[in-house]
Amino acid sequence: SKTTQARAVGQQRARRRQYAKPLGLLPNALPQSLFPAKAAPARRLSRAIHNYSGRDCLSLAVNCSALAEGVLESELFGHGKGSCTGAYARKGGRFELTADGTLFLVELGQMSASLQAKLLRVLQGWTFERVGGTHTLHSKARIVAAINRDLKGMIANGDFRENLYYRLNVVHIDLPPWRERLQDLPALTRHLLKKINARQHTRAC
């Protein structure tokens, strides 16, 4: 099956089992996942989860730290015509566009309290409205998040909603940097060479 074909490259058995966990849960239509990791490896894992999920929908990404609060709100939930400066036409947000697909959020800890509340509403009831809109929309997008901050510390300081954290943290995966996985470099090199040879019809080794 597609699920069993997805695997992690490396020698650490515990690490491979950890990576296989979310893929093994895909048939159960896992709604949310939280991966405290650097954005690049988490994005690749997000794509793998989406590709092997059987969801015939989009997989999109949003960098929460790169956008001002109002722009981020519009990117996530969309906006109605004339609802804000520059809103010359209605725009669908990422939740609307992904529908039942996968939404990858980078630096979720950068969200303001008001946006955290709106995200929680989507995760609790699968409903939201565009900025300046009154029509209720529905989305069951799977959330995959890359977090560089200590969310538990932020919860203790009142900077992040505890109920949102537990809504998101369905599957927790630690993606360590390569400096902590040096023993996996030979396996990764072989894996990449195999892919390059297959693509270019060569026999590099």
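## The nonpolar core

In this predicted model, the largest nonpolar core comprises 29 residues, and those with the most contacts inside it are Leu76, Phe95, Leu103, Leu105, Leu108 and Met111. At least two residues of this core are supplied by each of strand 2, helix 4, strand 3, helix 6, strand 6 (142-146), helix 7 (151-156) and helix 8 (162-168), with helix 6 giving the largest share, five residues.

Leucine 105, one of the residues with the most contacts inside the core, touches Val62, Cys64, Leu76, Met111, Leu119, Ile143, Val144, Ala145 and Ala146, when residues up to four places away in sequence are not counted.

## Helix 4 and its cover

Helix 4 spans residues 69-77, and its buried residues are Leu72, Glu73, Ser74, Glu75, Leu76 and Phe77. The elements that cover these buried residues include strand 2 (59-63), helix 5 (94-98), strand 3 (102-106), helix 6 (113-125) and strand 4 (127-129). Just after helix 4, glycine 78 takes a positive phi of about 80 degrees.

## Positive phi outside glycine

Most residues other than glycine have a negative phi. Alanine 99, in the loop between helix 5 and strand 3, nevertheless has a positive phi of about 55 degrees, and glutamate 107, in the loop between strand 3 and helix 6, likewise has a positive phi of about 55 degrees.

Are these two residues buried or exposed? Alanine 99 is partly exposed, with a relative accessible area of 28%, whereas glutamate 107 counts as buried because its relative accessibility is 10%, and buried means under 20%.

Methods. Residues numbered from 1 in each chain as written. Predicted model: local features only at pLDDT ≥ 70, side-chain atom pairs only at ≥ 80, totals over all residues. Heavy atoms only, no water. Buried < 20%, exposed > 50% of the residue type's maximum accessible area, 1.4 Å probe, protein only. Helix = DSSP H or I, 4+ residues; strand = E, 2+ residues; numbered from the N terminus. Contact = heavy atoms within 4.5 Å. Core = buried A, V, L, I, M, F, W, Y, C linked by side-chain atoms within 4.5 Å.
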